[in-house]
Amino acid sequence: LKIRLLSKDAARNYGSIVRGNMLKISLISGKTIILYSESDVQSYVENYTGHNIYDAKYLISGDDAGLLNNVPSDVLGIMWSTGYESYDIYNVDTLMSQMSCIKSVY
């Protein structure tokens, strides 16, 4: 998961993603998928934009991947080192198309 924050103060405001921190994906069907960060992640600043970037890896089971492939997502929640924050997903089929792409590679 590549997280791009358009704030130069993101590292101070959000902190880091600590190994084992939760990523919560709420689906339109009402189901929830909980994933956990594989490692500690610090942000880095992209030189030409000044954006803070987090490259986080979350492990996912086959069953959860199947849900993401077939059911639109609604809300994404991230546990940062400074606390939990949720984000509405407006392009609800984005994760579905991304999962299809990932499956085609394997």
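**Group meeting: strands and a pocket**

Hi everyone, let me start with a pair of strands: E4, residues 44–45, runs antiparallel to E5, and two bridges join them. Before I go on, please keep in mind that this is a predicted model.

So what sits between E4 and E5? The two strands form a hairpin, with six residues between them. Have a look at glycine 50 in that turn, where phi is positive, at about 80°.

Let's stay with E5, residues 52–55, for a moment. Strand E1 pairs with E5 too, in the antiparallel sense, over four bridges. If you want a residue to click on, try isoleucine 53 in E5: arginine 4 stands opposite this residue, and isoleucine 53 is also the bridge partner of tyrosine 44.

Now for the pocket. The largest pocket holds about 770 Å³ of space. It is lined by 26 residues, and those closest to the centre are Leu1, Lys2, Leu23, Leu76 and Leu95.

Which elements give two or more residues to that lining? They are strands E1 (2–5), E2 (22–27), E6 (73–80) and E7 (83–88), together with helix H3 (94–105). H3 gives the most, with five residues.

And what is the lining like by class? For those of you thinking about probes and grids, the split is 18 nonpolar residues, four polar and four charged.

To tie the two halves of this talk together, look at E1 once more: this strand pairs with E5, and E1 is also among the elements that line the largest pocket. Thanks, everyone, and I'm happy to rotate the view if anyone would like another look!

Definitions and conventions:
Residues numbered from 1 in each chain as written. Predicted model: local features only at pLDDT ≥ 70, side-chain atom pairs only at ≥ 80, totals over all residues. Heavy atoms only, no water. 1 Å grid on protein atoms, 1.4 Å probe; cavity = no way out; pocket = protein on both sides within 12 Å on 5 of 7 lines; lining within 4 Å. Points joined across faces, edges and corners; volume = space filled by probe spheres on them. Nonpolar A, V, L, I, M, F, W, Y, C, P; charged D, E, K, R; others polar. Pairing = 2+ DSSP bridges.
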